[in-house]
Amino acid sequence: MVQNNEDYPVLIAQNGPLSGKRWSIQDSLILGREEECEIMIPSRQVSRNHARISPTENGVLLEDLGSKNGTHCNGKPIEEPIILQDGDVIQIAFAQQFTFVSSEATMPLDAAQAVLLRSQQYRLRLDKRSRRVWIDEEEILPPLSVSQFSLMELLYDRQGRVIDRRELIESIWGDEEAVGVSEQALDALIRRLRDRLAAVEPAHAFIVTVRGHGLRLDNPEREAE
């Protein structure tokens, strides 16, 4: 049976010279500075052959290839090959960040899905499957980080209703990690997300703070054409 591209995991580039680009992980991908690499990162901080991402029977494997400045996953250096999980953030040296998206949530949208999204009534729209966000007809690029999208998704699912700050922290960071997450960390995440939205639409504040309670999404309907 021929496998559809949508069944493959995807690597999304963020925060670096490749921001916004996406790769379907169908075969092994070498990441490095050499032009022969499947993913060439134009930075002297990146080794010629820096890291490799490979599909295996057990999942997608990430390994560092003896790079000078290291490969990190979710902020931790890679000492041995690891199996990637959906939403993992990969950092190549200090030059380029990627987000790994498993096949259960992968891109791209087909034409029918794109039309459906555009026909929705609200100004801000998101697609959970592809983790893409639009304001009117403009897509937010580069894509939101994993934590930014998680916050956006929570507000979007209950738009117009207030979500308590503690619930936001637990939902984004998980019950175990949430214990050590400060209010300042949440404030920083909210500020970054607001900045990303304002870069596309500075005239409207989509994320509203309800003092003493939490946050809500103010997502107006689109004007009739």
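Two strands count as paired here if DSSP finds at least two bridges between them. That is the rule to keep in mind for the opening views of this predicted model.

**View 1. Strand β3 meets strand β5.** Strand β3, residues 29-32, lines up with β5 in the antiparallel sense, and 3 bridges hold the pairing on record. For a landmark, look for Leu31, which sits opposite Ala51 of β5. Keep an eye on Ala51, since this residue comes back in later views.

**View 2. The β5-β6 hairpin.** Here β5 (residues 51-56) and β6 (residues 59-64) run antiparallel, joined by 6 bridges. The two strands make a hairpin, with 2 residues between them. Ala51 turns up again, this time facing Asp64 in β6. So what does Ala51 stand opposite in β5's two pairings? In β3 the partner is Leu31, and in β6 the partner is Asp64.

**View 3. Strand β6 and strand β9.** β6 has another antiparallel partner in this view: strand β9, residues 82-83, with 2 bridges between them. Leu61 is the residue to find, standing opposite Ile83 in β9.

**View 4. Inside the largest nonpolar core.** This core is made up of 26 residues, and Leu124, Leu151, Met152 and Leu197 have the most contacts inside it. Strands β12 (124-127), β13 (132-135) and β17 (214-217) each put in two or more residues, and so do helices α2 (146-157), α3 (165-173) and α5 (183-200). Which element gives the most? That would be α2, with 6 residues.

**View 5. Zooming in on Leu151.** Setting aside neighbours within four places in sequence, Leu151 touches Leu168, Ile172, Leu189, Ile190, Leu193 and Leu215. Apart from the core in the previous view lies another one, of 23 residues; Ile25, Ala51, Ile90 and Phe100 are among them. So Ala51 from the hairpin view belongs to that other core.

**View 6. Trp134 in strand β13.** Trp134 is found in β13. Is this residue buried or exposed? Its relative accessible area is 11%, and the cut-off for buried is under 20%, so Trp134 counts as buried. Leu197 lies 63 residues away along the chain, yet the C-alpha atoms of Trp134 and Leu197 are separated by 9.4 Å.

**View 7. A closed cavity.** The structure holds 1 cavity of 30 Å³ or more, and the volume of the largest cavity is about 60 Å³. Its lining consists of Ile12, Gln14, Thr99, Arg131, Pro143, Leu144, Ser145, Val146 and Phe149. Both β1 (10-14) and α2 supply two or more of these lining residues. Sorted by class, the lining has 5 nonpolar residues, 3 polar and 1 charged.

**View 8. The largest pocket.** How much space lies in the largest pocket? About 550 Å³. It is lined by 20 residues, and Asn74, Gly87, Val89, Val146 and Ser147 are the ones nearest the centre. Helices α2 and α3 give two or more residues each to the lining, with α2 giving the most, 4 residues. The mix here is 8 nonpolar, 9 polar and 3 charged. Val146 is worth a second look: this residue lines the largest cavity and also lies among those nearest the centre of the largest pocket.

Methods:
Residues are numbered from 1 along each chain as its sequence is written. This is a predicted model: local features need pLDDT of at least 70, side-chain atom pairs count only at pLDDT 80 or more; totals for chains, interfaces and linings use all residues. Side-chain values use heavy atoms; hydrogens and water are left out. A nonpolar core is a set of buried Ala, Val, Leu, Ile, Met, Phe, Trp, Tyr and Cys residues joined through side-chain atoms within 4.5 Å. Buried means under 20% relative accessible area, exposed over 50%, partly exposed in between (1.4 Å probe, protein chains only). Contact means heavy atoms within 4.5 Å. On a 1 Å grid over the protein atoms alone, a cavity is a set of points where a 1.4 Å probe fits but cannot get out, and a pocket is an open set with protein on both sides within 12 Å along at least five of seven lines; lining residues have an atom within 4 Å of a point. Grid points are joined across faces, edges and corners, and a volume is the space filled by probe spheres set on the points. Ala, Val, Leu, Ile, Met, Phe, Trp, Tyr, Cys and Pro count as nonpolar, Asp, Glu, Lys and Arg as charged, and the others, Gly among them, as polar.
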